[in-house]
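I opened my notebook for a look at how the chains of this model meet and how one of them is built. Here is what I looked up, entry by entry.

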Amino acid sequence: MTAKTPSKLEKVLAAGHFAVTSECGPPRGSDPTEIVEKAEIIKDHVDAINITDNQTSVCRTCSLAVCIRLKTMGLEPVLQMVTRDRNRIALQSDILGAAHWDINNILCLSGDHQSFGDSSKGQNVHDLDSMQLLQTVRLMCDEGKFLGGDDIKRPPQMFAGAAANPFADPFEIRVARLAKKVAAGAQFIQTQCIYNLDKFEEWMKGVRDRGLHEKTAIMAGLTPMKSAGMARYMKNRVPGMDVPDEVVKRLADTPKEKQAEEGIKMCIESIQRLKEVEGVRGFHIMAIEWEEKVPGIVEAAGLYPRPEV
Amino acid sequence: MTVQAQAAVAEEIPSIEPLREIPTDWDPSILAFACHYCAFAAADLAGVMRLSYAHNVKIIRMPCTGKLDHSYVLRAFERGVDGLFVAG
Amino acid sequence: MIVGEQKPLEELWESIKDHKKVLVFGCNTCVAVCQQGGNKEAEILASLLRMKATQEGVDMEIQDSGIERQCEHEFFEKTEERVEWADAVLSTACGIGVQFMAEKYPKPIYPGLNTTFLGAVEELGVYTERCQACGQCILAQTGGICPIARCAKRVMNGPCGGSTNGKCEISKDVDCAWQLIVDRLKLLGRMDDYEKLTPIKDWSSDRAGGPRKLVREDVQHDS
């Protein structure tokens, strides 16, 4: 497999290495200090850094601006883009804006509903959905065309990805939905946080049965638990999340001051196990407001040093 | 209406009048809607038997209490009736 | 049908309180089905507003009337006099009726309802949205369930990642439209259709394309 774009993430995957990505949330203000610090902490341990796009519908600095910041620091950003807030003009325009700065990775998402955030009285756009955004990215990159049909001068070169939730309902279409995303043009997939490894492996089997793992690079999503409370919250309150009882129990049975450490340990164990699953091509470590733990996890999981490509 | 909307409306609108002092010599004016076949017949019988009942109750005969309509109730209140009694 | 919800009495009072003769005017089709704006509801509302006027010590006349549909000229004929009498009308029609009346009569026409959606009577007293009149029906592809009206993100290739136990991420009381679609495709033996990508939608027939108009020359009167 050879890389088609200048994306470092794509090159790492094409070279057959496990890829490692992490994510950072832009600040709720204009001060770049914090995000720069977060990026500095993780930069040597990951191949690319996802920058979230107003996640949970809470208004923040835009993903594109922070991606540009990372680019100027010599780092590899993954531009997350949700279809909630922009119509097709704005989406295509922002894709070109990203390409203007030679940002080469994009993750296409629909986005959490605005009722979760600080703007519940706002409109949502959803002119396109996440799969149609993927198609749009691929049209712009591969064919050098706008949705309107006109040619793009210097088309973007993007490694286009999508999210997948192996645990979401309805059960019977979990694999079929991935197949749709692959058909729409997803070159890589970052999954929802995996806690139920048995169920994930079952999903991967379905994915392999259809050969989807050969058509797209599946990166397993992981979020270390900070406490038993967080595990319970994820289990009960976060839509589409599958946290088995034994995960909650293992944390709850650990003394409170050791729970964070146990959470990290569980995350590392998961990576070790998932490395053996055929079709898993990398890891997306989402340490929410806990970026300083990423290097330790990557090292302990045997994913360090990162390859030079 | 959503719960939030209901709460917002409830907050904005003082829906109930403040309670007023009741004069000691005040009798409420009560209107009774009575079904021809039962309650009204009972009232009729009471009359025949020369039984007395409260003077502030006025009775309106209805063919059936199923004939009672929102507008009768509201119109009664509009015209100063204090309470309604529906019997059937 | 069009579903509406009566505005709070206080808001209605604020709009009419400076007028001397007010007609509360019902519309006896769609908004009568949801028991919010029919002629009966107009009658009740007029009574409530008369009591409000009495309480506020405001001297005004409030009457009620109504017609079958406030969105067609013909129906207004029999109530011309009542409308003429009023200095202001509180229409309990949907937004269409209110505007249609306002175009016909040079006097204030106030809305009595908030027009909420196009819906069905799921059971007595429960009305739910089914259609957003996007102008290009895709129900044939989606097993008869509309993701535009019934998915909070109008996802055309759903479901999104927030679907849990058949419910939408916005509320456990809201069905996930895509769960319904999948269930329905399964029932119809059409699960293969699920994997067809729904193409990018042309929204120009929707609100986005500007006010819409349909002309049927074959049924128009010769002028």
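**Who touches whom**

I began with chain A and chain B, which do not touch: 12 Å lies between their nearest C-alpha atoms. I keep in mind throughout that this is a predicted model.

Next I asked which chains share the most contacts. Among the 2 pairs of chains in contact, the answer is chains A and C, and I turned to that pair.

**The A–C contact**

I looked up how many residues each chain brings to this contact. Chain A puts in 27 residues and chain C puts in 23 residues. On the side of chain A that touches chain C, the elements giving two or more residues are helix H5 (130–143) and helix H6 (174–184) of chain A. H6(A) gives the most to that side, with 5 residues. I also sorted that side of chain A by class and noted 12 nonpolar, 9 polar and 6 charged residues.

**Chain C as a whole**

I then moved to the partner chain. Chain C holds 7 helices and 9 strands. The domain assignment splits chain C into domain 1 (2–117) and domain 2 (132–208). I looked up the distance between the centres of domain 1 of chain C and domain 2 of chain C, taken over C-alpha atoms, and it is 37 Å.

For overall dimensions, I noted that the C-alpha atoms of chain C fill a box of roughly 65 × 50 × 25 Å along the principal axes. The radius of gyration of chain C is 22 Å, whereas a compact globule of 223 residues would have one near 17 Å.

How much of chain C is buried? My entry reads 39% of its 223 residues. As for contacts in chain C with a separation of 6 or more, 54% of them join residues 24 or more positions apart.

**A helix in chain C**

I finished with helix H7 (residues 177–187) of chain C, to see which of its residues are buried. The run C:Ala177, C:Trp178, C:Gln179, C:Leu180, C:Ile181 and C:Val182 is buried, and so is C:Leu185. What do the buried residues of H7(C) pack against? I found helix H6 (147–150) and strand S9 (171–175) of chain C as their partners.

One last jotting concerns the backbone just after H7(C), where C:Gly189 takes a positive phi of about 65°.

Note on methods: Residues numbered from 1 in each chain as written. Chains lettered and ligands numbered in written order. Predicted model: local features only at pLDDT ≥ 70, side-chain atom pairs only at ≥ 80, totals over all residues. Contact = placed C-beta atoms within 7 Å. Helix = DSSP H or I, 4+ residues; strand = E, 2+ residues; numbered from the N terminus. Nonpolar A, V, L, I, M, F, W, Y, C, P; charged D, E, K, R; others polar. Rg over C-alpha atoms; globule rule 2.2 N^0.38 Å. Buried ≥ 20, exposed ≤ 12 C-beta atoms within 10 Å, placed from the backbone. Domains from an automatic or database assignment.
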